Amino acid sequence: MDRTREAASKADEKYRASQLLKSALPIGLFALCGFLAGRAELPFGAYPFGVALLCALNREALYLFAGLCVAVILTAEPTFVAIFIGIYAAALLTRVLVRLTLDLPFGRSEGKKSLGELFGALFYEHRGYRVCISAIFAFALSFAFWIGSGFLYYDLFGLIISVVSAPIVTFFVSGAYHKDKSRVQTLLSAVALLAVCVYGAADIKLYGVSLSIAGGMIALFLICRRWGSAAGVFCALVTGIAYSPLLCPIFLLCALSFAVFHKISPPLVHTASLIASLFYSFYVQGIAALDGTVGGIVAGCILSAMLARLVGSVRQSESAEGKKIIRCSVLDEGELDSVRLFDMNRRMAAISEGLAALSELFDAVRLKFPRRTELAEICEQAFGATCVGCVEYARCRSGGELKRESERLSFFLEKKGKVACDSFSDGLFARCARLPDIRDEINYNFDIRFNGGERNGAEESFSQDKSFGYKALSGLLEKSMESGSEEYLPDHSASKLLCESLDGLDVGIVGVIVYGTRQKRVFIKAEQKERLGTAVEQIVRTVRDTLGIELDAASALLRRTGNKDGGTLELWEKERFSARFVTRVSSANGEEFCGDSLCVFENSDKRFFAALSDGMGSGRDAALMSELATGFVRNMLSVGAMNR
């Protein structure tokens with residue numbers, strides 16, 4: 001037991017150390033890129049690359065900014081240090097303001113967002129905004145340098161070079177962050193970033209070793225392994241020109257060696273690269289090649305070989321030890337059964353609520369349209385049946401008092417569906433001893449007439465509509481039980497593409513499937529629910545950048561699977577449209593009720609409906625049938641049925 005705990009503890013420490021290294025390595029690399037870009041000077045004192053990369057990167061721009069500040073402090077004249085750092089900071093601030101105003105990722109109707117959601121959306125603005133900001137602040141940087149240098153004419157040339165080159169570099173480097181990016185755009189972005197770093201480190205030597213050549217060769221071999229020999233040749237050409245057009249063949253020979261020997265023997269690639277590069281450097285530079293070039297070539301080839309061997313040995317050891325490597329894969333269509341079951345339970349609950357609302361609608365509509373004259377007639381009949389033989393009856397009838405009392409009581413019947421003793425006038429309440437009997441007679445006659453006693457043509461139609469509703473109910477339940485609808489059809493190509501992107505996230509994702517036609521949905525399965533829950537925002541950004549769809553992160557559904565620690569995450573595509581409407585109701589001349597009804601609503605499947613019912617006429621009966629029709633349609637459509 002102790003050995004098991006000790007092994008588990010060591011494995012946990014190893015995992016934490018690897019996680020720390022993975023998080024610290026990008027920070028260091030982008031800070032180094034910022035340092036090299038900040039000291040990379042083009043002819044006529046132009047420094048465009050710092051601003052260009054600061055506008056091209058996403059959140060990595062914060063790490064790059066730190067490297068730029070170090071480069072400015074170490075290399076710039078003291079009078080320009082504060083100005084340069086201030087312009088770099090202003091560029092970052094401008095990107096934030098543009099994102100929160102001109103390129104806001106959230107809809108205005110979505111309400112307020114938390115600080116975490118706002119911060120998670122920063123530095124993801126559109127490519128065009130980045131290019132414009134880059135041009136503006138490249139101009140500001142060069143203009144400040146031009147003023148501080150005393151308006152020298154060759155500094156004006158540097159201003160022109162900065163304003164032209166900075167947007168171009170921003171455009172190419174930002175291609176890797178575009179939502180519709182391709183392999184070519186990602187390659188161009190990597191090559192542009194590498195060329196800037198190689199150019200910035202061209203004059204840096206460490207113990208007689210050119211860091212530009214060594215780092216460029218290591219990156220070149222990595223690009224060859226990832227994108228192939230053709231991409232390696234292109235990278236070698238651009239990188240070589242950035243370092244020195246005269247020594248460009250050094251990088252080209254490395255790329256060609258990889259193309260010829262990488263399938264034969266990986267060590268042979270670095271050996272051939274070393275021999276060919278050394279021969280060319282001595283041929284061109286002679287003994288001067290010992291001043292940095294030779295050391296850079298030797299260091300680059302040796303370190304590349306060691307890195308390739310290290311990666312290969314790690315893979316072999318993991319394979320030999322049988323260590324489980326989590327890889328994201330496309331889930332089988334059967335994994336959606338749990339989603340179907342959850343949706344079915346939700347739909348059945350909605351059907352229950354819809355039927356309850358429909359029953360209430362029947363009762364409400366049935367009592368909604370009696371005429372006031374009919375209600376007054378019921379009250380008069382109740383007085384006539386109850387007050388016969390009363391000594392005060394003749395007095396009550398004189399002067400139309402009973403008629404006025406009946407009209408008064410009809411108001412309570414219309415509003416409440418019944419009358420009470422306190423509904424009568426004060427005078428009648430004070431002197432009449434038969435008010436309870438009159439009240440009961442009125443309520444009884446009202447129930448008989450409007451709750452099932454007398455049936456006119458409209459009420460018969462009402463009964464027929466109920467019969468129609470019951471017949472439609474069986475079809476509704478049958479459709480709701482269907483499980484193979486089009487909204488559960490998987491998109492295998494999108495699922496495979498998303499797998500490649502999510503595979504790089506270290507959150508234990510084991511599978512993903514994208515499905516749905518009208519509204520895209522993403523179902524993700526992971527080994528640990530807790531780790532999956534901490535990476536929801538990162539996953540949402542990855543899905544958005546990979547598939548090019550906006551997701552509703554607020555409605556993300558995180559659930560635990562049957563596994564003890566496993567979890568699933570469901571994401572929905574945001575609604576693409578919102579609808580606004582205005583209605584106006586007008587009755588025909590001389591009619592109390594409008595015979596037409598309009599019902600506008602959104603159902604549980606995020607579909608928008610407008611149901612218009614023509615009552616075939618005007619007045620009470622037409623309004624009754626029209627409102628019943630729209631009410632029935634609304635309740636059926638609200639639960640997601642009858643959509644096809």
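Ser 329 has Gly 511 as its bridge partner in strand β4. I begin with that pair in what is a predicted model. One residue along, Val 330 has its bridge partner in β4 at Val 512. These contacts belong to the pairing of β3 with β4, residues 509–515, which runs in the parallel sense over two bridges.

Where does this pairing sit in the sheet as a whole? The sheet is open, it has five strands in the order β3-β4-β5-β7-β6, and its pairing is mixed. Its edge strands are β3, residues 329–330, and β6, residues 557–560, each of which pairs on one side only.

Two helices pack on this sheet. Helix α21, residues 492–502, touches β3, β4 and β5, and its direction makes about 150 degrees with that of β4. Helix α23, residues 536–547, touches β4, β5 and β7, and its direction makes about 50 degrees with that of β7. Strand β4 is thus named in both contacts, and β4 is mostly covered, with six of its seven residues buried.

On its other pairing, β4 meets β5 in the antiparallel sense over six bridges. Tyr 515 stands opposite Arg 521 of β5 there. The two strands form a hairpin with five residues between them, and within that turn Gly 516 has a positive phi of about 100 degrees.

I turn next to another strand pair. Strand β8, residues 597–602, and β9 pair in the antiparallel sense, again over six bridges. Leu 598 stands opposite Leu 612 in β9. Which residues of β9 lie on its covered face, and which on its uncovered one? Phe 609, Ala 611 and Ser 613 form the covered face, whereas Phe 608, Ala 610 and Leu 612 form the uncovered one. In a regular strand the side chains alternate between the two faces of the sheet. The numbering of the two sets in β9, residues 608–613, can be read with that in mind.

Now to the helix pairs, starting with α2, residues 49–56, and α6, residues 127–148. Their axes come within 9 Å and cross at roughly 155 degrees. Because angles over 145 degrees count as roughly antiparallel, α2 is roughly antiparallel to α6. The crossing of α2 past α6 is right-handed. From α2, the contact is made by Val 51, Ala 52, Cys 55 and Ala 56; from α6, by Arg 130, Ile 133, Ser 134, Phe 137, Ala 138 and Leu 141. By class, these residues divide into eight nonpolar, one polar and one charged.

How many residues of α2 are buried? Eight of the eight are, so α2 is largely enclosed by the rest of the structure. Besides the contact residues already named, the buried set includes Phe 49, Gly 50, Leu 53 and Leu 54.

The second helix pair is α8, residues 183–200, with α9, residues 211–227. Here the axes come within 10 Å and cross at roughly 170 degrees, and α8 is therefore roughly antiparallel to α9. On the α8 side, Arg 183, Thr 186, Leu 187, Ala 190, Leu 194 and Val 198 take part; they meet Ser 212, Gly 216, Ala 219, Ile 223, Arg 226 and Trp 227 of α9. The residues of this contact divide into seven nonpolar, three polar and two charged. An α-helix has 3.6 residues a turn, so residues three or four places apart point the same way.

The third pair is α15, residues 372–386, and α17, residues 401–416. Their axes come within 8 Å and cross at roughly 125 degrees, and the two helices are therefore oblique to each other. As α15 passes α17, the crossing is right-handed. Arg 372, Leu 375, Ala 376, Cys 379, Glu 380 and Phe 383 contribute from α15. Among the residues of α17 in this contact are Leu 402, Lys 403, Glu 405, Leu 409, Phe 411, Leu 413 and Glu 414. The residues of this contact divide into eight nonpolar, two polar and six charged.

I close with the chain as a whole. The secondary structure of the protein chain comes to 24 helices and nine strands. Of its 644 residues, 41% are buried. Among contacts between residues at least 6 apart in sequence, 68% join residues at least 24 apart.

Terms used:
Residues numbered from 1 in each chain as written. Predicted model: local features only at pLDDT ≥ 70, side-chain atom pairs only at ≥ 80, totals over all residues. Heavy atoms only, no water. Pairing = 2+ DSSP bridges. Helix = DSSP H or I, 4+ residues; strand = E, 2+ residues; numbered from the N terminus. Contact = heavy atoms within 4.5 Å. Axes fitted to C-alpha atoms, helices over the stretch in contact; angles between N-to-C directions. Parallel < 35°, antiparallel > 145°, perpendicular 65-115°, else oblique. Nonpolar A, V, L, I, M, F, W, Y, C, P; charged D, E, K, R; others polar. Left-handed = near helix turned anticlockwise from the far one by under 90°. Buried < 20%, exposed > 50% of the residue type's maximum accessible area, 1.4 Å probe, protein only.
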